[in-house]
Amino acid sequence: MIAWTIYITFAGAVALLFLPRVLSRWVALATAAGGFAVSLAAFFNAVDVGTFKTIVRVPWVPILGMEYHLAVDGISLTLALVTSLTAVSAVLFSWDVEHRQNEFFFWLLLVVGGSYGVFLSADLFLLFVFYELVIVPKYFLIAIWGSTNKEYGAMKLTLYSFFGGALVFIGIIAAYVTAGSLNLHDLAEFPFTPQFQSWAFPVLFIGFAVLAGIWPLHTWAPTGHVAAPTAGSMLLAGIIMKLGSYGGLRVAMNLFPQGFQMWSGYIAVFAVIGILYAAAVALRQRDLKFVIGYSSVSHMGFVLLGLATANVLGVSGAVLQMFSHGVIAALLFAVAGRMIYRRTHTRDLDALSSMNLSRALPFAAFSFVIASAASMGIPGFSGFAAEITILIGAWKIYPIAVWITGAGMVLVAAFTLRALKRTFFDAVENVKSVTSVTSLDWETFEPITLAEKLGAGLLMFATLAVGLYPKLLLDRIVPAVEAMRFLTK
C-alpha cells in the first residue's frame with residue numbers, strides 16, 4: 001500500500017500539466033493529502049517493521065540486473081510519514097501562489113514523489129534515480145519562485161547536489177562491479193573486503209552527507225533556504241536534507257559496516273563541529289531565514305552524531321531526529337517566509353523588532369513560540385525526545401562529544417530566543433530611530449489565512465504528539481535499526 005504514495009504523487013504532478021489553472025492548488029492538495037492518508041494508514045497497519053520487506057519487485061533493465069524494487073521497514077515508514085506531513089503543509093502555505101501556479105505545484109510534487117521513491121527503494125540504482133530526480137525540480141522552485149539571490153542559491157544548491165550525487169554514483173558502481181548486484185538485500189549480505197570498504201564507505205557516505213548538510217560541505221543549505229520560496233524551504237529542511245542522512249544510513253553504513261567502523265569517529269567529530277559552528281553563526285545572523293537555515297545545519301549535526309554511535313539508542317534517536325527536525329524546521333520556515341515576510345516584506349531582525357508583531361500577527365507569534373520551544377529541545381516536544389535519545393546513545397561511545405555538544409545546545413537556545421524576542425517581543429522605545437521599512441501600520445497586515453492555520457496546526461500537532469508519546473515512532477524505528485549490520489552492541 002505504501003507504494004501508492006509514489007504513484008499518487010507523480011500522477012498528480014502529471015495531471016497538473018493538463019488541468020486548468022483554477023484547479024491546480026486543489027489538485028496539489030488532494031494529491032498531497034492522498035499521499036498522507038496512504039502513509040498514515042501504512043504506518044499504523046504495519047506489522048513486521050523490523051524487516052526491510054519487499055512490497056513491489058519487477059524486472060526493469062534485466063541485462064544489468066536493475067529492478068523496480070520497493071521495500072519498507074519502520075525507518076522507511078517514519079520518513080514517508082514526515083514527507084507526507086511536510087507536503088500537505090507546503091501546499092497549504094503555497095495556497096495563494098499566483099505566478100505559474102500549475103508549474104509551481106508540478107515541481108513541488110516531483111520533489112515529494114522523488115523523496116518517497118528514495119525512502120522506499122530496495123534497488124541501489126532505482127534509489128539513485130529517485131535521488132537525482134529531486135535535484136531538477138528543487139532548482140526550478142528556487143530559481144523561478146525564490147527571492148534573495150535566487151539564481152545564486154539555486155545554482156549553488158544544484159552544484160553541491162551534483163557533486164554529492166557524483167560521489168554516490170561512484171560508490172554505487174564500485175559496489176555493483178564488486179558484488180554483481182544492485183539489490184540492497186543482497187548487497188547487505190555480500191562480504192566486501194575491509195580494504196574495499198575502507199575507501200568505498202567514505203566516498204558513498206560523504207556523497208550522501210553533502211545533502212544532509214555535513215560540515216564543512218554545508219554552505220549550500222543556508223543560502224538555499226534563504227533563496228527558496230516558503231514551500232521550497234519547507235521541503236529542503238523537512239524532506240530533502242533527510243534524503244542524505246537516510247542514504248548514509250541505509251546504503252553506506254549498512255552495506256559497508258567495517259568501513260563505517262573505521263570512519264565513525266571522524267563522522268562524530270564533523271557532527272560536533274557542525275552543531276557548534278552552525279549554532280555560533282546563527283547567533284550572529286540578522287536575517288531571520290538565515291538564522292533558521294543555520295539552525296537546520298546545527299540540528300542535522302545531531303542526526304550525524306546519532307548515526308556515528310553505531311548503537312541502537314543513538315541511531316534510533318537519529319531517525320527520530322530526522323522526523324522531528326523535518327516537522328520543526330518546516331514550521332519555522334513557514335512562519336518566517338509566509339506569515340512574516342509576505343506581510344512585512346522584510347526578514348531583518350532589527351526591522352521586525354519595531355513592528356509589534358505579537359499583536360499584529362498573534363497566531364504567527366504563537367506558532368513561532370511552539371516551533372522555537374521544540375527546536376530548543378524543551379520537554380514535551382519531539383526535539384527533546386530525539387536529542388536526549390541521541391545523547392544517551394552517544395554517551396556510551398563518545399562521552400567527550402556529549403559534553404561539547406552541551407555547549408552547542410546552549411548556543412541553540414541563545415540564537416532561538418534571540419530570534420523569537422527580536423521578531424515578536426522586542427519593546428522598541430524609540431520608534432523614530434527604526435528604518436523606513438518598519439513604518440508600516442501593523443493594523444494593515446493581512447490576517448493569517450485558514451490555509452496557513454491548518455498547515456501550521458498540522459505541524460504543531462505532529463511535534464507535540466511525538467514529544468508527548470515518542471513510543472509511537474520508536475516502536476517502529478527501533479526494530480528496523482536492530483536489524484542493521486553495523487551495530488556494535
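These are my notebook entries on a predicted model, taken up feature by feature.

**Entry 1. Largest pocket**

I began with the largest pocket and read off a volume of about 450 Å³. Its lining takes in 21 residues, and those closest to the centre are Val97, Trp145, Pro229, Thr230 and Arg342. I then sorted the lining of the largest pocket by class and got 8 nonpolar, 7 polar and 6 charged residues.

Which helices supply at least two residues each to this lining? I found helix 11 (230–255) and helix 14 (312–344). Helix 14 gives the most, with 4 residues. I kept Arg342 in mind for the next entry, since I had it down as one of the residues closest to the pocket centre.

**Entry 2. Salt bridges**

I looked up the salt bridges next and noted a count of 13. I followed three of them in detail.

The pair I took up at the outset was Arg342 with Asp96, where the closest N and O atoms are 2.6 Å apart. Arg342 sits in helix 14, while Asp96 sits in the loop between helix 3 (74–92) and helix 4 (101–120), so this salt bridge ties together parts 246 residues apart in sequence. Are these two residues buried, exposed or partly exposed? I have Arg342 as partly exposed because its relative accessibility is 33%. Asp96 is also partly exposed, with a relative accessible area of 24%.

I went on to Asp350 and Arg286, which form a salt bridge with the closest N and O atoms 2.4 Å apart. This pair links distant parts of the chain, with Asp350 in helix 15 (residues 349–352) and Arg286 in the loop between helix 12 and helix 13 (288–309), 64 residues apart. Asp350 is partly exposed at a relative accessible area of 30%. Arg286 is partly exposed at 48%.

The third pair was Glu452 with Arg338, again with a closest N and O distance of 2.4 Å. Glu452 belongs to helix 20 (residues 450–468) and Arg338 to helix 14, so the pair ties together parts that are 114 residues apart in sequence. I checked the cover of both partners. Glu452 has a relative accessible area of 0%, so I list Glu452 as buried. Arg338 is buried too, with a relative accessible area of 6%.

I then asked which residues are joined into one network by salt bridges that share partners. I wrote down Asp96, Arg338, Arg342, Arg343, Glu446 and Glu452. Two of the pairs I had followed, Arg342 with Asp96 and Glu452 with Arg338, have their residues in this network.

**Entry 3. Backbone geometry**

I turned to the backbone. Most residues other than glycine have a negative phi, and most peptide bonds are trans. I noted the following departures.

Trp215 and Pro216 are joined by a cis peptide bond, with omega at about 5°. Pro216 is in the loop between helix 9 (194–211) and helix 10 (220–227).

Ala310 is not a glycine, yet I found a positive phi of about 60° there. Ala310 is in the loop between helix 13 and helix 14. I marked Ala310 as buried because its relative accessibility is 2%.

His345, likewise not a glycine, has a positive phi of about 60°. Its place is the loop between helix 14 and helix 15. Is His345 buried or exposed? At 57% relative accessibility, His345 counts as exposed.

**Entry 4. Nonpolar surface patch**

I looked for nonpolar side chains at the surface and recorded a patch of about 390 Å². Which residues make this patch? They are Met262, Trp263, Tyr266 and Phe270. I looked up Met262 further and placed it in helix 12 (residues 257–283). Met262 has a relative accessibility of 40%, so I put Met262 down as partly exposed.

**Entry 5. Ala175 and Leu110**

My last lookup was a pair of positions. Ala175 is in helix 7 (residues 150–179). I have Ala175 as buried because its relative accessible area is 0%. How far apart are Ala175 and Leu110 in sequence and in space? I read 65 residues along the sequence and 28 Å from C-alpha to C-alpha.

Conventions
Residues are numbered from 1 along each chain as its sequence is written. This is a predicted model: local features need pLDDT of at least 70, side-chain atom pairs count only at pLDDT 80 or more; totals for chains, interfaces and linings use all residues. Side-chain values use heavy atoms; hydrogens and water are left out. Patches are made of residues with over 30% relative accessible area and no salt bridge: like charges are joined within 9 Å, nonpolar side chains (Val, Leu, Ile, Met, Phe, Trp, Tyr) within 5 Å. Accessible areas come from the Shrake-Rupley method with a 1.4 Å probe; for residues, only the protein chains shown count as cover. A salt bridge is a side-chain nitrogen of Lys or Arg within 4 Å of a carboxyl oxygen of Asp or Glu. Buried means under 20% relative accessible area, exposed over 50%, partly exposed in between (1.4 Å probe, protein chains only). On a 1 Å grid over the protein atoms alone, a cavity is a set of points where a 1.4 Å probe fits but cannot get out, and a pocket is an open set with protein on both sides within 12 Å along at least five of seven lines; lining residues have an atom within 4 Å of a point. Grid points are joined across faces, edges and corners, and a volume is the space filled by probe spheres set on the points. Ala, Val, Leu, Ile, Met, Phe, Trp, Tyr, Cys and Pro count as nonpolar, Asp, Glu, Lys and Arg as charged, and the others, Gly among them, as polar.
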